[in-house]
Amino acid sequence: EYNVAVGNIAMDAASMTGNFNTAIGRSALGANTSGSSNCAVGINVLGGNTTGNTNCAMGDSALDANTTGSNSVAIGVNALGAATTADQNTACGNIALNKVTTGASNAAFGGNAGGACTTGNGNAFIGDSAGYGNTTGYANTFVGSAAGAYTVLTTTGTDNTMVGALSHATSATAVNVNVFGRNVAGEQGYT
């Protein structure tokens, strides 16, 4: 009830009971059954969503694998494209957070920002390819083009802050490393 669908096979699930959804584009919200308050604009956007609620996605294939994840925003081609059950993620930029499957509470702004993150939680990726390489790490902050993604990829590290283009840690598993400046490397135990 109170749904709007525009486009070939948009919001066309056989037993649709979800309310207050908007789907614009081919296959947008195509599998949605009981998910409510979703907004999907673009080809196959939120195409796999079945019961996820309060998601907003724009850009071809954004949040297209989502099934039950809720409260996420994806803007850009394939942004959050692999997310299935992930909640409360924000991705703005083409292929931002595009490998997240179940990771939650991540924020990525910039093309390919957080591009390798799969199950990491509570990370902030700001800048083109910021934090690229972080797969399962949590509570990290990467600010700047390729911050945390240069020389040594911070893949599973936690509680790190890297600010500046190409800033990085000297260990892929760094914990509590703070790095500030362009192309500066930080070691565990030093700030």
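Contact here means heavy atoms within 4.5 Å. With that in hand, take T154, which touches G133, N134, F142, G148, N160, M162, A169, S171 and A172 once residues up to four places away in sequence are set aside.

A quick word on the source: this is a predicted model, where local features need pLDDT of at least 70, side-chain atom pairs count only at pLDDT 80 or more, and totals for chains, interfaces and linings use all residues. Residues are numbered from 1 along each chain as its sequence is written, and side-chain values use heavy atoms, with hydrogens and water left out.

**The β8 to β10 stretch**

Strands are DSSP runs of E with at least two residues, numbered from the N terminus. T154 sits in the loop between β9 and β10 (161–163). Buried or exposed, what is T154? It counts as buried, because its relative accessibility is 0%; the cut-offs are under 20% relative accessible area for buried, over 50% for exposed, and partly exposed in between, with a 1.4 Å probe and protein chains only.

One of T154's partners is N134, which lies in the loop between β8 and β9. N134 is buried too, at 0% relative accessibility. Leaving out residues up to four places away in sequence, N134 touches A116, C117, N123, F125, N140, F142, T154 and T155. Along the chain N134 is 15 residues from T119, and their C-alpha atoms are separated by 9.5 Å.

G127 is in the loop between β8 (124–126) and β9 (141–143). With a relative accessible area of 17%, G127 is buried. Its contacts, neighbours within four places in sequence aside, are F109, G110, G111, A113 and G144. For a long-range reference, G127 and R26 are 101 residues apart in sequence and 31 Å apart in space, C-alpha to C-alpha.

Over in strand β12 (residues 178–180) you'll find V179, buried with a relative accessible area of 1%. V179 touches T161, M162, V163, S167, H168, V184, A185 and G186, not counting residues up to four places away in sequence. The C-alpha atoms of V179 and A169 are separated by 7.5 Å, and the two are 10 residues apart along the chain.

**The core and the β3–β4 loop**

Which residues have the most contacts inside the largest nonpolar core? They are L46, A57, L63, A74, L80, L97 and F125, in a core of 32 residues. A nonpolar core is a set of buried Ala, Val, Leu, Ile, Met, Phe, Trp, Tyr and Cys residues joined through side-chain atoms within 4.5 Å. A57 is in contact with C39, A40, V41, V45, L46, A62, L63 and A74, leaving aside neighbours within four places in sequence.

G47 belongs to the loop between β3 (39–41) and β4 (56–58) and is buried at 13% relative accessibility. Beyond four places in sequence, G47 touches S27, L29, G30, A31, L63 and D64. G30 is 17 residues from G47 in sequence, and the C-alpha to C-alpha distance is 4.9 Å.

**Two positive phi values**

Most residues other than glycine have a negative phi. T54, however, has a phi near 55 degrees; T54 is in the loop between β3 and β4 and is partly exposed, with a relative accessible area of 45%. D159 also has a positive phi, about 55 degrees, although it is not a glycine. D159 is placed in the loop between β9 and β10 and counts as partly exposed at 38% relative accessibility.

**Cysteines**

Why are C56 and C92 not bonded to their closest cysteine sulfurs? A disulfide is a pair of cysteine sulfur atoms within 2.5 Å, and the distances in the table are too far for a bond. By this rule the count comes to 0 disulfides.

| Cysteine | Closest cysteine sulfur | Distance | Relative accessible area |
|---|---|---|---|
| C56 | C39 | 4.3 Å | 33%, partly exposed |
| C92 | C56 | 9.6 Å | 23%, partly exposed |

**On the surface**

V4, V6 and I24 form a nonpolar patch with about 230 Å² of accessible area together. Patches are made of residues with over 30% relative accessible area and no salt bridge, with like charges joined within 9 Å and nonpolar side chains (Val, Leu, Ile, Met, Phe, Trp, Tyr) within 5 Å. A salt bridge is a side-chain nitrogen of Lys or Arg within 4 Å of a carboxyl oxygen of Asp or Glu, and accessible areas come from the Shrake-Rupley method with a 1.4 Å probe, where only the protein chains shown count as cover for residues. I24 itself is in strand β2 (residues 22–24) and is partly exposed, at 38% relative accessibility.

Methods. Helix = DSSP H or I, 4+ residues; strand = E, 2+ residues; numbered from the N terminus.
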